[in-house]
Structures are given as C-alpha cells and as structure tokens.
Amino acid sequence: MTTYKDTDLREALRRMYADTPPMPEYLNERLMQRIGRHRRHAWLYPAIAVSIVIALLIGSSLFRTEENTNVCYTVENGQRITDRSIVMSHVESTLCDIFTTDKQ
Amino acid sequence: MNADEQIVEAMKGGGNMGQNLMVSRYGQQVFAMIVRQVGDAMDAEELTQDTFLRAFSHIANYDPQRSSLLTWLSCIAYRLTLDFLKRRRPLIVSIEETEGWHTDISDEQIEAELSTGNEERIRRLQMLIDNMPPDERLLLTLYYFENRPLDECAFIMGSTSHALANRLYRIRRKLHKQLKKK
C-alpha cells in the first residue's frame with residue numbers, strides 16, 4: 001500500500017502530541033503493588049467456593065434428615081403419644097404397622 | 001534470543017523480573033499511546049496499569065510469530081482505552097459512515113489537499129482530529145504519528161489491512177471535504 005505523505009495531517013498530529021507527558025517513575029512501583037494485592041487476595045475466591053460447597057453439603061444433609069423424620073403416634077388411654085424418631089423411610093412404615101397392631 | 005523472547009522467558013520463569021523488564025522496556029510507549037487518546041495523565045496511568053496487568057495474566061496467549069510484544073501490548077491498550085472512552089462519552093458516529101461509500105475523489109486530490117503546508121489548514125486539522133471518534137483518531141495516530149505499517153495497525157485494532165485502508169481513505173476524504181468548507 002502507498003504511504004500517504006499528507007504532510008499537513010502529520011504536522012497537525014505532531015503539534016497535538018508534542019507535549020505528551022512522560023510515564024511517571026512511580027508507575028512501575030504501583031503496578032507491582034497492585035500485583036501484590038492481587039496475589040494476597042488470590043486465596044479469597046477458592047475459600048469462598050469451598051465455603052459454599054460445604055454450606056450446600058450441610059444444607060442438603062439436613063434436608064434429607066428432615067425428610068426421614070417420622071412422626072408416629074397412637075392414642076393410649078385417651079392420651080396422644082407421639083414418637084418422633086429419625087428412621088429410614090422403609091423402617092417408618094414398619095413402625096407404624098407395629099403401633100397399629102398394638103392398638104388393635 | 002531477542003529482547004521480547006527474553007521478557008517472555010523471564011515471565012514464564014515466575015517472579016517479578018519479567019514483569020519489571022516488560023514495564024521498563026515498553027511502559028513509556030504504552031503510556032504515551034494511551035495518554036494521546038484519553039488526554040488525561042491520571043486516567044492514562046490507570047489504563048497503563050490495567051494493560052500490563054492483563055498482559056501479565058494472559059502472557060500464555062502471546063504468539064511471537066504473529067506480532068511483536070509492543071504490538072500485542074498496544075492491542076490490549078487499544079481495547080481498554082476504547083472501552084474507557086465509550087464509558088466516558090457516548091460513541092460518536094462518524095459522519096462518513098452515514099454517507100455511504102463514494103470514491104469520487106482520488107487519492108492524489110486528497111493528498112494534495114492535505115499537504116499544503118498552510119498554517120491555518122494545520123490548525124483546522126488539529127481541531128478536526130480533536131473532534132474525531134476515538135478509533136478514527138487512533139488510526140491516524142498509529143499510521144501518521146507513530147509510522148506503524150497498516151498490517152500492524154490492523155492487528156492492534158482487530159481489523160484487516162484492507163478494511164483499514166478503506167477506513168483511512170474515508171477519513172482522509174472526510175477531512176478533505178471539511179477543509180474545503182469555508
């Protein structure tokens with residue numbers, strides 16, 4: 001491609017940018033400080049991720065426990081007896097059967 | 001091993017040596033490129049730091065076969081600067097883009113119009129350049145002021161040499177028309 005002379009344009013740009021300030025001396029130092037800050041905080045994101053995973057695990061196990069909490073009750077001498085116990089779902093039905101049988 | 005390779009090797013080795021080398025070698029040029037576009041030294045400092053931080057974290061993406069380290073840094077600086085300028089003021093739509101594509105004026109005519117040596121014209125050109133959209137202004141700066149070849153400008157601006165040649169023609173034609181207006 002031809003290189004355009006366009007001398008007026010070149011001169012206009014040269015004048016516009018004649019007083020471009022130099023890069024400040026402290027810029028490199030500040031940059032290194034920012035890198036240091038980035039490194040210091042590098043542990044933060046993995047730590048947050050691990051905390052979220054742990055919280056989810058605890059939450060899901062509590063939810064499962066709640067699901068498996070069985071409330072069996074029967075009436076004995078006109079008084080309602082509640083048996084709140086944590087059992088597996090298949091055990092739950094068995095226990096209820098037992099109570100029902102006792103009642104009969 | 002050339003200077004760019006030394007810097008990249010030092011950076012891959014870890015530690016701050018490579019980073020210090022990169023900033024001391026190219027910091028001034030990157031800063032100058034940014035400050036010419038944004039006009040404010042404080043903003044340019046921030047953007048220069050952002051440019052180098054991004055370069056440090058993406059050094060694995062640098063391909064010495066495609067560009068020099070300075071061109072690659074300029075490409076990062078260009079994108080960050082353009083984003084910054086778009087946030088600071090809404091992007092001005094180039095008048096030329098709304099006019100469509102015409103090739104009614106030859107390169108020679110434009111070149112003659114932009115090479116008069118007339119003092120008043122140079123001052124008018126300064127004003128016109130100052131009011132240009134940032135990407136057009138940057139293209140003029142890279143091509144005319146920094147004397148970069150068009151393929152390097154294309155790499156920096158994420159375009160092709162052909163597209164930039166057309167763009168340059170349209171900018172020059174726009175300046176020619178505006179100079180003709182009294």
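The exercises below, each with a worked solution, concern the contact between two chains, selected salt bridges and a surface patch in a predicted model.

Residues are numbered from 1 along each chain as its sequence is written, and chains are lettered from A in the order in which they are written. Local features need pLDDT of at least 70, side-chain atom pairs count only at pLDDT 80 or more, totals for chains, interfaces and linings use all residues, and side-chain values use heavy atoms, with hydrogens and water left out.

**Exercise 1.** Describe the contact between chain B and chain A by its residues and its buried area.

Solution. Begin with contact, defined as heavy atoms within 4.5 Å: chain B contributes 47 residues and chain A contributes 32 residues. Next take the buried area, which is the accessible area (1.4 Å probe) that two parts lose on being put together, summed over both; the value here is about 3500 Å², and carbon and sulfur atoms give 62% of it. On the side of chain B, the residues that lose the most area to chain A are Gln49(B), Leu53(B) and Tyr144(B), together 17% of what that side buries.

**Exercise 2.** Determine how many salt bridges are counted between chain B and chain A, and place the pair Glu46(B) and Arg34(A) in its helices.

Solution. A salt bridge requires a side-chain nitrogen of Lys or Arg within 4 Å of a carboxyl oxygen of Asp or Glu, and by this criterion the count between the two chains is five. Arg30(A) and Glu45(B) form a salt bridge at 3.7 Å, N to O. The side chains of Glu46(B) and Arg34(A) also meet in a salt bridge, at 3.9 Å, N to O. Helices are DSSP runs (H or I, at least four residues), numbered from the N terminus; Glu46(B) lies in helix H3 (residues 41-57) of chain B and Arg34(A) in helix H2 (residues 27-40) of chain A, so the pair joins two chains. For burial, the classes are buried (under 20% relative accessible area), exposed (over 50%) and partly exposed in between, with a 1.4 Å probe and protein chains only. Glu46(B) is therefore partly exposed at 43% relative accessibility, whereas Arg34(A), at 16%, is buried.

**Exercise 3.** Identify the residues of the nonpolar surface patch of about 680 Å² and classify Ile48(A) by its accessibility.

Solution. The patch is made by Trp43(A), Leu44(A), Tyr45(A), Ile48(A), Ile52(A) and Leu56(A). Patches use residues with over 30% relative accessible area and no salt bridge, nonpolar side chains (Val, Leu, Ile, Met, Phe, Trp, Tyr) being joined within 5 Å. Ile48(A) lies in helix H3 (residues 44-67) of chain A, and with a relative accessible area of 43% Ile48(A) is partly exposed.

Terms used:
Patch = residues over 30% accessible without salt bridge, like charges linked within 9 Å, V, L, I, M, F, W, Y side chains within 5 Å. Areas by Shrake-Rupley, 256 points an atom, 1.4 Å probe, with all protein chains shown as cover.
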